[in-house]
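Grab a pencil and open your viewer. Here are a few exercises to try before you peek at the solutions.

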Amino acid sequence: MIVEDTVVGPGKPWSRVVKAGQVLRIVDLEGRQGVDFLCYSDANSEERYHAANTLKQARTLRITTGHSLYSDAARAMFTLIADSYGLHDTIAGCCSAPSNGLLYGVHNVPGCRENFLAELAKHGLGQRDIVANINFFCDVPVLAEGRLEDLTFRPATSRAGDHVELRAEMDCLAVISNCPQVNNPCTAGAPSAIRVTIRTGT
Ligand SMILES: [Zn+2]
């Protein structure tokens, strides 16, 4: 049964609690759209996504089907049960007004951090609750000797209909910023809509 079915517009945020066992599906409707993602235990929001535990357990920077997102308490929060793309960024974090100034020289241009802050405020959370996040449908290759590319992100290559499915392993608040970025290639310069659904069962 579908319990949520929302089209999140270009550059917009979204959040909802996903109950244990439910499946969150994120569809890149038009392709080439980065989707920033955070999650928190609904029972205790101090327990939240932890990039380091996730990467150490996965033993790769490239999480995909079969990998889980782990919390700071080393408990599985979500498991990727479907992934049509396979190039999700786990290290570059979210864009923001301050980092847009630092990296691209544009000022007062809000990004995913500002989206996260707006959405987290609905749940009594704020700046101190933003941690290093996952960027679905974003390609951040690590080059020889650990270098990153000039704009960090390679031009987005996801295609219309590419999707991920995340099965909740505990009741989780999922928070999305459908990235508004136009100063690096993670939205191909034209942010577009995504579709977010939640279903019960597999
Ligand atoms: Zn962004």
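The exercises below work through a predicted model, one site at a time.

**Exercise 1. Find which residues coordinate the zinc ion, and work out which parts of the chain Cys112 and Cys179 tie together.**

Step 1: Start at the metal. The zinc ion is held by the SG atoms of Cys95, Cys112 and Cys179, at 2.2 to 2.3 Å.

Step 2: Read the donors along the chain, and you get the spacing C-x16-C-x66-C.

Step 3: Place two of them. Cys112 sits in helix H3 (residues 112-121), while Cys179 is in the loop between strand S9 (172-178) and strand S10 (194-199), so this pair links parts that lie 67 residues apart in sequence.

Step 4: Check the solvent. Cys112 and Cys179 are both buried.

**Exercise 2. Describe helix H2: which of its residues are buried, and what happens at its start and just after it?**

Step 1: H2 covers residues 97-104, and its buried residues are Ser99, Asn100 and Gly101.

Step 2: Look at the start. There, a side-chain oxygen of Ser96 comes within 3.0 Å of the backbone nitrogen of Ser99.

Step 3: Now go past the other end. Gly105 follows H2 and has a positive phi, near 75 degrees.

**Exercise 3. Is Glu4 buried or exposed, and which side chain does its own side chain meet in a polar contact?**

Step 1: Locate Glu4, which belongs to strand S1 (residues 2-8).

Step 2: Compare its accessibility with the cut-off. Buried means under 20% relative accessible area, and Glu4 comes in at 12%, so it counts as buried.

Step 3: Look for a polar partner. The Glu4 side chain makes a polar contact with that of Arg16, at 2.6 Å.

Step 4: List the wider surroundings. Setting aside neighbours within four places in sequence, Glu4 touches Trp14, Arg16, Val196, Thr197 and Ile198.

**Exercise 4. Where do Arg59 and Asn108 lie, and what is the sign of phi in each?**

Step 1: Recall the background: most residues other than glycine have a negative phi.

Step 2: Take Arg59. Its phi is positive, near 60 degrees, and the residue lies in the loop between H1 and strand S5 (68-70). With a relative accessible area of 68%, Arg59 is exposed.

Step 3: Take Asn108. Here too phi is positive, about 60 degrees, although the residue is not a glycine. Asn108 is in the loop between H2 and H3, and a relative accessible area of 74% makes it exposed.

Notes
Residues are numbered from 1 along each chain as its sequence is written. This is a predicted model: local features need pLDDT of at least 70, side-chain atom pairs count only at pLDDT 80 or more; totals for chains, interfaces and linings use all residues. Side-chain values use heavy atoms; hydrogens and water are left out. Donors are N, O and S atoms within 2.8 Å of the metal (3.2 Å for Na, K and Ca); water is not among the atoms, so sites may look incomplete. Helices (H or I, at least four residues) and strands (E, at least two) are DSSP runs, numbered from the N terminus. Buried means under 20% relative accessible area, exposed over 50%, partly exposed in between (1.4 Å probe, protein chains only). A polar contact is a pair of N or O atoms within 3.5 Å; within protein, one must be able to donate a hydrogen and the other to accept it, and residues adjacent in sequence count only if both atoms are side-chain atoms. Contact means heavy atoms within 4.5 Å.
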